[in-house]
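Please look through the model below with its aromatic side chains and one of its helices in mind. The paragraphs after it take these features in turn.

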Amino acid sequence: MSAVLAQAPPAVGNEPRGGTRAVLALARFEARRLLLSIPVVIAFVAYVAWIVWRTRSSWDGHPALQDVDRATQSMPMLVGLAVLLSANIAVLRSERHGTEPHFAVLVLAPWRRTVAHALSVVPAALLTAVCVAGQFTWEAFKPGAIGHGSPAELLVGPLTVLLSGTVGVLLARLVRSAPAAPLLLVVLLFTLVLGTGPGGASGLSWLAPVVADISSNTLPSDLLGRPAAWHALYLAGAGLCAAFLAVLLAGGRNLAVRAGVALTLALAVTGGVLQARGVSPSPELTAARERASVRPEHTCVEHGGSTYCAFPEWVPRTGTWAGVVDRVQSLAGGSAHDRRLVVRQRIDARYGLEGDAAIPALADAHQVTVGTAWGGNRVPEFSSAVAAVLVAGTEKAGSEICDGRMVTLMWLSLSWQDDPVNALRRVRLDDSVEGSAIVLSPTDPLSMTEGQTDVVRRLLEKPRPGVGDRVKAHWAELTAPGVTTARAAELLGVAGPEKADSCEE
């Protein structure tokens, strides 16, 4: 019997266990399993479906991109929770299956396997970045899009997923128990997703991954005052720090890991402190918001016979406003038909995104207010303001009309639209076409009585050309202060109200 001596295979030589190639190979394997795990697949399918469902009609087709970037942040939190759970399950797989002792004979030390698990969450973050980019690009290519998005705001979604995944890996190294991650998910659902955590504009609220500041008040991008860049630094530092801590707890005690913990912790703390300081507006931002609210620095352009003054980001939209003014003005009679109007964009930015103050009506003749939002109900609201100025001379006088002039005003505002009766419904506060109601406007609202509503509805159901000829023929009387609703109905050829209007009694 003879024995053959052979050289030991390289895998069990005296070299350090594992290396970069082995770590990356395991990371690719775990990344594939993570992306194909049931929670992550469900989360991404729901995320993509939400993007498609929401973006088709968001902002009525007229988004401001400084609002769109923040709107990309909420849904990635749900993806992040799914990644957290799946990453945690992956790290604890060997513990659940009782195979941990067998890893002692493999080339990868426990801390290197932890590096691979931390790297495995990167593709999920990158896929989230693709979804964010797709949503933002879709909005940006809409014909009515204006404004500027913030790269730092757009990074929040992917960084949230990265942070969630590395926290899942860290949790598995801290608590070797499968129920720990689901319990953490419940806590995070209540504090972050369901909104029971710290809110408001406090520095504490910015410790959460997402502070979307959802608001109906659209501001110029330079007046937002959000510490978005510092928040992105905070999220990046926190996510990387969780990864390095997980590696440290798994036995990675070398200098690179310890330096990584110190450096990423410093990044997270720096971002957290500076974002908390940035929550309160600086004196310069406060002054800029005051100027924009009281003495705005507009860019004025001419369209037709009127002037349109807007904040620079909204200048591309002035042509759309001019289209509404032209349609309303083409229906008017007398000197109003060719009257030169000045349309001014006005906001109250003094309280930032949390403000919702009403804008007072202008007392200057032939001036009309337009807001920063557009599309949907904003169109009949603006056309009502234009009609009020054409009929009464000023916005302030138009908001005080309670006589039969309201009939002419509302017909001018709505008759040119594709579905005038539905536009009447949308411009009224209670979404009705019967009875008295408040009519919304960019500034002070208007008021319609029950009788005026009945007459306007009858007019909107008649062919526009016939009513338009009567409006122009009797313009002087229809716009004279004190004209009754009954007289306006008689001049326009429809039945009058069944009873006198309350303001005429």
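In this predicted model, the charged end of Arg54 lies over the ring of Trp59, at 4.8 Å from the ring centre. That distance falls inside the 6 Å limit used for a charge over a ring.

Aromatic rings also meet each other. A pair of such rings is described by how far apart the centres are and by the angle of the planes. Searching the whole structure gives two aromatic pairs. One of them joins Phe311 and Trp314 in an edge-to-face arrangement, with 6.4 Å from centre to centre and 65° between the planes. The arrangement is called edge-to-face because the angle is over 60 degrees. Phe311 has a relative accessible area of 6% and is therefore buried. Trp314 is at 0% relative accessibility, so Trp314 counts as buried too.

The other pair is formed by Trp374 and Phe382, again edge-to-face, with centres 5.6 Å apart and planes at 70°. Trp374 and Phe382 are both buried.

Now turn to helix α8, which covers residues 151-174. How far apart should the ends of its 24 residues be? At 1.5 Å a residue the expected span is 34 Å, and the end C-alpha atoms are 34 Å apart, so the two values agree. Helix α8 nevertheless has a bend of about 35° at Gly157, and a proline, Pro158, follows within four residues. Is α8 mostly covered or mostly open to the outside? Of its 24 residues, 20 are buried, so the helix is mostly covered, buried here meaning under 20% relative accessible area.

Definitions and conventions
Residues numbered from 1 in each chain as written. Predicted model: local features only at pLDDT ≥ 70, side-chain atom pairs only at ≥ 80, totals over all residues. Heavy atoms only, no water. Phe/Tyr/Trp six-rings, centres within 6.5 Å; stacked < 30°, edge-to-face > 60°. Buried < 20%, exposed > 50% of the residue type's maximum accessible area, 1.4 Å probe, protein only. Lys NZ or Arg CZ within 6 Å of the ring centre and 35° of its normal. Helix = DSSP H or I, 4+ residues; strand = E, 2+ residues; numbered from the N terminus. Expected span 1.5 Å × (residues − 1). Bend = angle between axes of the 7 residues up to and from the residue.
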